[in-house]
Each structure stands twice: as C-alpha cells, then as structure tokens.
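Visitor: Could you take me on a close look at a single part of this structure, and show me how that part sits among its surroundings? I would enjoy one connected account.

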Amino acid sequence: MLEKQISHIPLIAIGTALCLGSFISILYLSDPYADGVTAHIFFYLSLFLTITGLFTAIGIILRRRFGTGLYIANLAVSFRQALFIGILIISSLLLLTNGILFWSVEMTLILFLIFLELFLNL
C-alpha cells in the first residue's frame with residue numbers, strides 16, 4: 001500500500017517538469033507582440049500548470065512529513081490549495097497585464113479564495 005502512495009509524487013514532479021519546460025520554451029521562443037492571443041494563452045496555461053504541480057508536490061511532502069491523516073485526503077487538499085494559489089497568481093498577472101491590478105482588487109480576490117477554501121473545508 002505504501003508503494004502506491006509514494007508513486008504520486010514522482011508523477012507530479014515529472015508533469016511539473018514538463019510544464020516548466022513548456023513554460024520556458026514559450027518564454028524564449030515566442031514573441032508576445034507578433035504571435036498574438038495563442039502565445040498568451042499557452043504562456044498562462046503552462047505557468048498555471050507549473051505552479052499547480054509545484055505547490056501540489058510541496059503540499060503533499062509537507063503534509064506527509066508534519067501532518068497526519070489519509071494520503072488521498074492530503075492529496076486532495078494539496079491539489080485544491082495549489083489550484084487556488086495558481087488561480088491567484090494567474091489572475092493577478094492578467095489584472096496586471098490589463099492595468100487594473102489595484103490593492104483593493106487583489107485583496108478582494110485573496111479574500112474570495114480564502115472564503116472559498118473555508119467553505120470547502122466545512
């Protein structure tokens with residue numbers, strides 16, 4: 001049973017490494033002014049997947065080391081929180097790109113994600 005629990009972390013690490021490679025290749029090989037909307041979509045998508053995979057792996061490792069509970073429950077919580085962090089970072093970058101990132105908008109977004117996490121934990 002322990003082998004199946006440990007097998008998720010290398011798969012997440014491999015997927016995150018592939019997404020990071022995609023992000024770096026998009027960063028160096030595309031021109032955002034000439035390539036248009038497609039390059040922006042792939043840029044934000046690869047960054048979102050990289051952030052989500054990285055924070056999922058970090059969350060699983062920290063929960064296994066310092067926490068208790070079922071592995072699959074820890075995996076679900078780590079993935080959900082990584083999704084929220086990815087949404088926060090990508091939406092902040094999109095707001096910054098469009099010139100509408102203000103502290104009040106960012107605080108509203110952060111509070112929304114915190115309340116959503118609290119609601120999902122009930």
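Guide: Happy to. A residue is called buried when its relative accessible area is under 20%, exposed when that area is over 50%, and partly exposed in between. Please keep in mind that this is a predicted model.

Let us settle on helix α5, which covers residues 71-97. By the cut-off just given, the buried residues of α5 are Y71, N74, L75, S78, R80, A82, F84, G86, I90, S91, S92 and L95.

Before going further into the helix, here is its setting. The chain has six helices and zero strands, so the elements read α-α-α-α-α-α from the N terminus on. Its C-alpha trace spans about 50 × 35 × 20 Å along the principal axes. Of the 122 residues in the chain, 29% are buried. Taking contacts between residues at least 6 apart in sequence, 63% join residues at least 24 apart.

Back to α5 and its length. With 27 residues at 1.5 Å a residue, α5 should span 39 Å, and its end C-alpha atoms lie 38 Å apart, which agrees. Just after the helix, G99 takes a positive phi of about 75°.

One residue deserves a pause: N74, which is found in α5. N74 counts as buried because its relative accessible area is 13%, and the cut-off for buried is under 20%. Setting aside neighbours within four places in sequence, N74 is in contact with R63, T68 and G69.

Now for the helix partners, beginning with α6, which covers residues 103-121. The axes of α5 and α6 come within 11 Å and cross at roughly 165°. That angle makes α5 roughly antiparallel to α6, since angles over 145 degrees count that way. The crossing of α5 past α6 is right-handed. On the α5 side, the residues that meet α6 are R80, Q81, F84, I87, L88, S91, S92 and L95. Their counterparts in α6 are V105, E106, L109, I110, L113, L116, E117, L120 and N121. By class, this contact of α5 with α6 has 10 nonpolar, four polar and three charged residues. R80, F84, S91, S92 and L95 appear both in this contact and among the buried residues of α5.

The other partner to look at is helix α4, residues 37-66. The axes of α4 and α5 come within 7 Å and cross at roughly 145°. This crossing, too, is right-handed. The residues of the contact of α4 with α5 divide into 18 nonpolar, eight polar and two charged.

Following α4 one step further leads to helix α2, residues 8-29. The axes of α2 and α4 come within 8 Å and cross at roughly 150°, and the two helices are therefore roughly antiparallel to each other. The crossing of α2 and α4 is left-handed. By class, the contact of α2 with α4 has 16 nonpolar, six polar and one charged residues.

A last stop on α4 is I61, which has its place in that helix. I61 is partly exposed, with a relative accessible area of 42%. I61 and I9 are 52 residues apart in sequence, yet their C-alpha atoms are 8.2 Å apart in space.

Note on methods. Residues numbered from 1 in each chain as written. Predicted model: local features only at pLDDT ≥ 70, side-chain atom pairs only at ≥ 80, totals over all residues. Heavy atoms only, no water. Axes fitted to C-alpha atoms, helices over the stretch in contact; angles between N-to-C directions. Helix = DSSP H or I, 4+ residues; strand = E, 2+ residues; numbered from the N terminus. Parallel < 35°, antiparallel > 145°, perpendicular 65-115°, else oblique. Left-handed = near helix turned anticlockwise from the far one by under 90°. Contact = heavy atoms within 4.5 Å. Nonpolar A, V, L, I, M, F, W, Y, C, P; charged D, E, K, R; others polar. Buried < 20%, exposed > 50% of the residue type's maximum accessible area, 1.4 Å probe, protein only. Expected span 1.5 Å × (residues − 1).
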